Amino acid sequence: MTMRKYLVFIMALLLAVMFLGTESIAADKKEAKQSGTVSSANIFNRLLKKEKMRNAAPAEDGIHDVANDGTHVLQPPLIAYEGLPNSDFGNYVDWVKSLDDGLLKPRYDRFDPKVEPLVMDLDIVREVKASVPDVVFPHKPHTQWLHCSNCHPKIFIPQRKANVINMSAILLGQKCGVCHGKVSFPITTKSCKKCHSKEKPKDWKPPQSEASLKTPWR
Amino acid sequence: MFRSAMIGLLGVIAVLVMPQPVKAEYADVVINNYADAAGMRPVVFPHWYHRIRFRCKVCHADLGFAFKAGGNKITMAKIIDGQFCGACHNGEISWSVENCGMCHSGIPGTPTSIHGSTVQRLVAPTYKALDEKEKAQKK
């Protein structure tokens, strides 16, 4: 008796899925007809995730409550981003470039719009053990936005070789990851080269451990 | 038989009606330290809007906001007192606190989070939304 019930249950599930499947195929056909002569089966990388909606307005972004009146008063990001240079990640806006180009004039002081930031132009090169390009840390764009005290000495000790930085720490929200990956540009496969930007010298070889140097089978 | 068929159908419908992923702007912060328990909508803080007008330094150095979502124990009393958001949202630099719905605009029950955060994707969330029992206890 119970076996039969289970069977019927599974049958119903299968039927429902099949019904839904045919429905979605029907929808695909419709789209194909609308878009012209090319089959919708030929979409490049059709199994990859569809590109998500960029810069949604507050009412459509999934975290604002639509039932709240204030939500509809808020500015949609796309209006604010008009004319700003694009990037491939984060807000899809290149904030540093927009500041450099003078497209944005954010205040450095809460009250006085004339206060100029204390900019320090000093690049720090960090050699990377792995074969990826070395990291160049530019102080300039950082000091344009931030104050020295934001990073020093709590996050980064202002001393050579005093900071141990690695990608796992960054991905877990330490060191550079305090901001990068949360607010400033995110850590994606598209953004590696923003930091890892200095090519290794041509004669570079990966560092080897004592053990691997001594092994007789090399 | 009819009942089991109905259950099967309901299962499929439930899968379809599951909440959709959020498409919020990168670095939008939902702050829900006290809001849910106080019967208010959680606060949504748009980083993008503020960074067009102010450099990071203004809030994170001058006003003392920690670099951590939910890490600043912000209350309305502190804001009215001129701390945190209240340093600007006082009717002088920006609109003042009577516009409740413009900050408290999140979907009720949304946990404290930064949208698009790598850390959040990799590390298990420390925040747990209050269930009905806990809510009643807090009240």
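The following points describe the two chains of this predicted model, their sheets, their cores and the contact between them.

1. Confidence. The mean pLDDT of chain A is 85, and 84% of the residues in chain A score at least 70. Residues 22-33 of chain A form a stretch with pLDDT below 50, for which the model shows four contacts beyond near neighbours in sequence. This stretch falls within the span of helix 1 (2-35) of chain A, and that part of the helix should be read with the low score in view.

2. Make-up of chain A. Eight helices and three strands are assigned to chain A. Their order from the N terminus is α-α-α-β-β-α-α-α-α-β-α. Of its 218 residues, 16% count as buried. When contacts in chain A between residues at least 6 apart in sequence are considered, 31% of them join residues at least 24 apart.

3. The sheet of chain A. The three strands of chain A form an open sheet in the order 1-2-3, and the pairing is antiparallel. Strand 1 and strand 3 of chain A each have a single partner strand and stand at the edges, so one side of each has no neighbour in the sheet. From one strand to the next, the twist averages 55°.

4. Pairing within that sheet. Four bridges join strand 1 (residues 123-126) to strand 2 (residues 134-138) of chain A in the antiparallel sense. Within this pairing, R126(A) has V135(A) of strand 2 as its bridge partner. Strand 2 of chain A also pairs with strand 3 (residues 196-198) of chain A, again in the antiparallel sense, over two bridges. Here D134(A) is opposite K198(A) of strand 3.

5. An exposed phenylalanine in chain A. F44(A) is located in the loop that runs between helix 1 (2-35) and helix 2 (77-80) of chain A. A residue counts as exposed if 12 or fewer other C-beta atoms lie within 10 Å of its own. F44(A) is classed as exposed because it has 5 C-beta neighbours inside 10 Å. F44(A) is separated from C176(A) by 132 residues in sequence and, from C-alpha to C-alpha, by 35 Å in space.

6. Make-up of chain B. Chain B contains seven helices and three strands. Read from the N terminus, its elements follow the order α-β-β-α-α-α-α-β-α-α. Of the 139 residues in chain B, 31% are buried. Among contacts in chain B between residues at least 6 apart in sequence, those joining residues at least 24 apart account for 51%.

7. The sheet of chain B. Chain B also has an open sheet of three strands, with the order 2-1-3 and antiparallel pairing. Strand 2 and strand 3 (113-114) of chain B are the edge strands, each pairing on one side only. Two bridges connect strand 1 and strand 3 of chain B, in the antiparallel sense. V30(B) is placed opposite S113(B) of strand 3.

8. The largest nonpolar core. This core comprises 18 residues, and A27(B), V29(B), V30(B), I31(B) and V43(B) have the most contacts inside it. Strand 1, strand 2 (43-46) and helix 2 of chain B each give two or more residues to this core. Strand 1 of chain B gives the most, with three residues. V30(B) thus appears both among the residues with the most contacts in the core and in the strand pairing, opposite S113(B). Leaving aside residues up to four places away in sequence, V43(B) touches I31(B), A35(B), C103(B), H104(B) and G106(B).

9. A second core. A separate core of seven residues draws on both chains: L146(A), C151(A), F54(B) and C56(B) are among its members.

10. Contact between the chains. On the chain B side, 53 residues are in contact with 53 residues of chain A. The elements of chain B that give two or more residues to this side are helix 1 (2-17), strand 1 (28-31), helix 2 (47-53), helix 3 (56-62), helix 5 (100-103) and helix 6 (118-122). Helix 1 of chain B provides the largest share, seven residues. By residue class, the side of chain B that touches chain A has 29 nonpolar, 15 polar and nine charged residues. Strand 1 of chain B contributes to this side as well as to the largest nonpolar core, and helix 2 of chain B likewise gives residues to the contact with chain A and to that core.

Definitions and conventions:
Residues numbered from 1 in each chain as written. Chains lettered and ligands numbered in written order. Predicted model: local features only at pLDDT ≥ 70, side-chain atom pairs only at ≥ 80, totals over all residues. Contact = placed C-beta atoms within 7 Å. Nonpolar A, V, L, I, M, F, W, Y, C, P; charged D, E, K, R; others polar. Buried ≥ 20, exposed ≤ 12 C-beta atoms within 10 Å, placed from the backbone. Pairing = 2+ DSSP bridges. pLDDT = per-residue confidence, 0-100. Axes fitted to C-alpha atoms, helices over the stretch in contact; angles between N-to-C directions. Core = buried A, V, L, I, M, F, W, Y, C linked by C-beta atoms within 7 Å.
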